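Me: Hi! I have a protein model open and would like some help reading it. Can we go through it together?

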Amino acid sequence: MEKFQIDPSKLEMAKKVKAREPGDSLYIKNLAVVVWGKQELANRSVCGFWCNAKKEYVARKALTPEKLDFIKDKFKERISAEGVGDSELEKRMSKMNKFICKKIITLNRKKNVVQ
């Protein structure tokens, strides 16, 4: 199976955030939009599970594992370039899915406001 690749110019758009931890959220969110696009990302979920609190909703399609791995690799490269320790690396990496989930929620909130 081929690894997911992205146009380098698009990747540069996602890199235009601060280099420290507060920029992690923006970096992941921007990279997710670059990889999937706003429309596609808004119609997906991180894991593809249905919500226990809202049983009437249908589960959305999960994010593509290859693309998630791509984002994870780029995020790991970004953190490693800062020269942080393993514990800090794991701590920051563990927040990736949460950042993507928050971006999906924001996109859907904006979509509902417009309608």
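Reply: Happy to; below we chat about cysteines, salt bridges and the nonpolar core.

Me: What kind of model is this, and how are residues numbered?

Reply: This is a predicted model, where local features need pLDDT of at least 70, side-chain atom pairs count only at pLDDT 80 or more, and totals for chains, interfaces and linings use all residues. Residues are numbered from 1 along each chain as its sequence is written, and side-chain values use heavy atoms, with hydrogens and water left out.

Me: Cool. How many disulfides does the structure hold?

Reply: It holds 0 disulfides. A disulfide here is a pair of cysteine sulfur atoms within 2.5 Å.

Me: Why is there no bond between Cys47 and Cys101?

Reply: The closest cysteine sulfur to that of Cys47 is in Cys101, and at 8.6 Å it is too far for a bond.

Me: And is Cys47 buried or exposed?

Reply: In between: Cys47 counts as partly exposed because its relative accessibility is 48%. Cys101 is also partly exposed, at 35%. Buried means under 20% relative accessible area, exposed means over 50%, and partly exposed is in between (1.4 Å probe, protein chains only).

Me: New topic! How many salt bridges are there?

Reply: There are 5 salt bridges. The term means a side-chain nitrogen of Lys or Arg within 4 Å of a carboxyl oxygen of Asp or Glu. Side chains of opposite charge can pair when their charged atoms come close.

Me: Which residue does Asp24 pair with?

Reply: One partner is Arg78, with the closest N and O atoms 2.7 Å apart. Asp24 lies in helix α2 (residues 22-36) and Arg78 in helix α4 (residues 65-81), so this pair ties together parts 54 residues apart in sequence. Helices are DSSP runs (H or I, at least four residues), and strands are too (E, at least two), numbered from the N terminus. Asp24 and Arg78 are both buried.

Me: You said "one partner". What's another?

Reply: Asp24 also forms a salt bridge with Arg92, again with closest N and O atoms 2.7 Å apart. Arg92 sits in helix α5 (residues 86-93) and Asp24 in helix α2, so the pair ties together parts that are 68 residues apart in sequence. Arg92 counts as buried, at 1% relative accessibility, and Asp24 is buried at 2%.

Me: Where does Glu82 come in?

Reply: The side chain of Glu82 meets that of Arg92 in a salt bridge (2.9 Å, N to O). Glu82 is in the loop between α4 and α5, and the two residues are 10 apart. Glu82 counts as partly exposed, with 24% relative accessibility. Through shared partners, salt bridges join Asp24, Arg78, Glu82 and Arg92 into one network.

Me: Nice! Which residues touch the most other members of the largest nonpolar core?

Reply: Of its 25 residues, those are Ile28, Trp36, Leu41, Ile71 and Ile100. A nonpolar core is a set of buried Ala, Val, Leu, Ile, Met, Phe, Trp, Tyr and Cys residues joined through side-chain atoms within 4.5 Å.

Me: Which element gives the largest share of this core?

Reply: That is α2, with 8 residues. The elements giving two or more residues are α2, α3 (38-42), α4, α5 and α6 (96-114).

Me: Last one: what does Ile71 touch?

Reply: Not counting residues up to four places away in sequence, Ile71 touches Ile28, Leu31, Ala32, Val35, Trp36 and Met96. Contact means heavy atoms within 4.5 Å.
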